[in-house]
Structures are given as C-alpha cells and as structure tokens.
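Please read the following report alongside the sequence and the model. It moves from the whole chain to its packing, and then to charged pairs and cysteines.

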Amino acid sequence: MAVSQLSGAPRPPHAPLPVPSQSHPMANPGYGKRSAPSQLPRTERDFSHLAPREAAIAAYLDRLPDGADISVKTLAKVLPYGQCALRTALNRLQDAGHLRRGSECVANDHSLLWVTRTFFSRTARDDAWWAAFARGDVPPEQRRRPTRSRAFVLLAALGRTVPSLTLSAADCARLEPLVTEWFERGAAEVHVLHALTDGLPTPVHHAAGLVRRRLADKMPPERITPAARRATLLTIECSECRAPGRPEALLGGRCAPCRGNPDAMPAEPAGALPARQVRDRMNEVRAAMALPPQRAYR
C-alpha cells in the first residue's frame, strides 16, 4: 500500500483551510470529483503523512461533494494558493495514492460518451489497488459486508415495537431473505412494519410463523425496470502527458517516459502497425487524392 511507503513520522499540522461551503463551484454533469469506494472512516489524522500544504488541500477536497469542480483554475479561486502550487500539490496527492485522473466511457443502448473523471480517496491506495479499481475489481481486503443486513436489523428490532413478535437470532436469519426481497421490490422499513404489525391476533402463539406468513402473503409486486443498466468502461491517464495506458503501467499515475524512463514505451495492442507504416500509408493516400482525375480518350 502507498501508506507503507511513506514516512511514519507525522508532520506538523497545517493551518486549516476554510470548510467547503455550498457555494463551491460544481463541474458540468459527468465531470468533477468522484469518491473512490471502500474508504475508511474520516479521522483527524487522515493526511498527517503529507506535507502541510498538501494535507490541508487534501482535507479540503475530502469534504467536497461528488461532482465538485476540483480543477486547478477553480481551486485557485477559492484557496489561498496559485495554480502552479495547486498543480504541484495535486501531483503529490497522486504520488501518495490519494488521487487518480482518467476517462470513463458511459454507454447504454443509445449513446456512447467519454467523460473526464478525477477520483479522490481519503484512504491512501497503492498502484495495485488503483489498477484493480480501473478494471472494476474491488480489492479483496475491501470486500467486507456488514455484520448484519438491513433486513436482519429490522427483524431483530421487531420485538421492541411489538413484544409479542420477538424473534430469535435463528428466526431472523431464516426470515432475512424474505425481508430483503421486500426491499428489492421498493418497500421501505415502514411498509414492512405495517404489514407485520397491523391487525395482530391476540395472543400471538408463534411469532416466527406469523411473520413468515405475512411476509409471503403480502409481498409487494416486482418493480418494472425503467431502462437498461448503463455499462461503464474506465481508463486511467498519465497526469503529465494525458496519454491513456494500462493502470499497472502508470506507477504513481505517470507513464514510464514521464517518470524519466524514455526507453520504456507503452506496449502497443496486438496486431498494431508501427507508427512509420501508418504515416507512410497516410502519405500515399493523401498523394493519391491530390492527383487530377485521369480522362480516357478514344
């Protein structure tokens, strides 16, 4: 992880920047800040491994909502730093694993659109995590499901509302799939509670059996899917030259030439023609188009 590669000695705190207000400019729809998934809860020491300026800027970005405009020009208007300083700070946040820039293809059955994305993570990530994120894979260490689902919690708390419907942990686990299906069909907690508690018999002889019967008999209809789910394709770009590349090749968010290794050129797709052949062929096509049409004489 990127955190393990950083110095363990915390730096002195930086003067906090103003708390983002609702007036912070928002980017055009589809652009701006995007929060990375599976972040740890916010603490006061989230950015203590960064230099003071970068820590203050990172804390400011962390509190901005998704879709906020975090371009250098916009940040320079709301923060006490110039564009050059902000550009350097954002690159350092990228080096530390908090930020990545790229493009995402948002497509459905009717349109195909590439939009610019700037992903921010409060939790520092290493290059392997960002590569897995770009592929659409959640890293294994982040695949943590809640200990108790929303459905289980509702069933477990049912006895506090109606003591005669108190359920055991085993009852809650067996009935959990039925309540989950209610939620998947658009029902809210209040709808489930009304279905389970209205017009109860007196006394209730078997709470689990009654709850199961009511959940099955009063199950709401399935929701109609409004539209086909959009498919997404994400590519990461080099922060210096903006060239797209394989995420695992963009170490620290930069391609090999921009990291000072000009001999390591990005791998070309299988079957791709060399650049020289492409240029020669295009020159031949242009030359042929420039020739006057030949007339046939008899």
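The report below begins with the overall make-up and then takes up individual elements and residues.

## Overall make-up

The structure described here is a predicted model. The protein has ten helices and five strands, and of its 298 residues 36% are buried. Its accessible surface amounts to about 19,100 Å², with carbon and sulfur atoms accounting for 55% of that area.

Among the contacts in the protein with a separation of 6 or more, 66% are between residues 24 or more positions apart.

## The largest nonpolar core

The largest nonpolar core comprises 24 residues, and those with the most contacts inside it are Leu-155, Leu-165, Leu-167, Val-179, Val-192, Val-211 and Leu-215. Helices α5, α7, α8 and α9 each contribute at least two residues to this core, and α7 gives the most, with six residues. In general terms, nonpolar side chains in soluble globular proteins tend to be buried together.

A second core, separate from this one, has 22 residues, including Ala-55, Leu-79, Leu-86 and Leu-93.

## Val-192 and Leu-215

Val-192 is placed in helix α8, which spans residues 189-197, and it is buried, its relative accessible area being 0%. When residues up to four places away in sequence are not counted, Val-192 touches Leu-154, Val-179, Trp-182, Phe-183 and Leu-215.

How far apart are Val-192 and Leu-215 in sequence and in space? The two are separated by 23 residues in sequence and by 8.0 Å in space, taken from C-alpha to C-alpha. Seen from the other partner, and leaving aside neighbours within four places in sequence, Leu-215 is in contact with Leu-175, Leu-178, Val-179, Trp-182, Val-192 and Leu-196. Val-179 and Trp-182 are thus found in the list of contacts of Val-192 and also in that of Leu-215.

## The two sides of helix α9

Leu-215 is one of the buried residues of helix α9 (residues 207-217), which are Ala-207, Ala-208, Leu-210, Val-211, Arg-214 and Leu-215. Seen down the axis of α9, these buried residues fall within an arc of 165°, and they therefore line one face of the helix. The general background is that an α-helix has 3.6 residues a turn, so residues three or four places apart point the same way.

On the other side of α9, Arg-213 and Asp-217 are exposed. The cover over the buried residues of α9 includes α5 (150-156), α6 (158-161), α7 (169-184) and α8.

## Salt bridges

The structure holds eleven salt bridges. One of them links Arg-254 with Asp-95, with the closest N and O atoms 2.4 Å apart. Because Arg-254 lies in the loop between β5 (244-245) and α10 (275-290), whereas Asp-95 belongs to helix α3 (residues 83-95), this pair ties together parts that are 159 residues apart in sequence. Arg-254 is buried, with a relative accessible area of 14%, while Asp-95 is partly exposed, at 44%.

Arg-53 and Glu-54 form another salt bridge, in which the closest N and O atoms are 3.0 Å apart. Here Arg-53 is partly exposed, with 23% relative accessibility, and Glu-54 is buried, with a relative accessible area of 3%. A further salt bridge joins the side chains of Glu-181 and Arg-185, at 2.8 Å from N to O; Glu-181 counts as partly exposed at 28% relative accessibility, and Arg-185 counts as buried at 19%, the cut-off for buried being under 20%. In addition, Arg-42, Asp-62 and Arg-122 are joined into one network by salt bridges that share partners.

## Cysteines

How many disulfides does the structure hold? The number is zero. Cys-258 is in no disulfide, and the nearest cysteine sulfur, that of Cys-255, is 3.6 Å away; because a disulfide requires a pair of cysteine sulfur atoms within 2.5 Å, this pair does not count as one.

The accessibility of two cysteines can also be stated. Cys-258 is partly exposed, with a relative accessible area of 32%, whereas Cys-172 counts as buried, at 2% relative accessibility.

Conventions: Residues numbered from 1 in each chain as written. Predicted model: local features only at pLDDT ≥ 70, side-chain atom pairs only at ≥ 80, totals over all residues. Heavy atoms only, no water. Helix = DSSP H or I, 4+ residues; strand = E, 2+ residues; numbered from the N terminus. Buried < 20%, exposed > 50% of the residue type's maximum accessible area, 1.4 Å probe, protein only. Contact = heavy atoms within 4.5 Å. Areas by Shrake-Rupley, 256 points an atom, 1.4 Å probe, with all protein chains shown as cover. Arc of directions from axis to C-beta. Salt bridge = Lys/Arg side-chain N within 4 Å of Asp/Glu carboxyl O. Core = buried A, V, L, I, M, F, W, Y, C linked by side-chain atoms within 4.5 Å.
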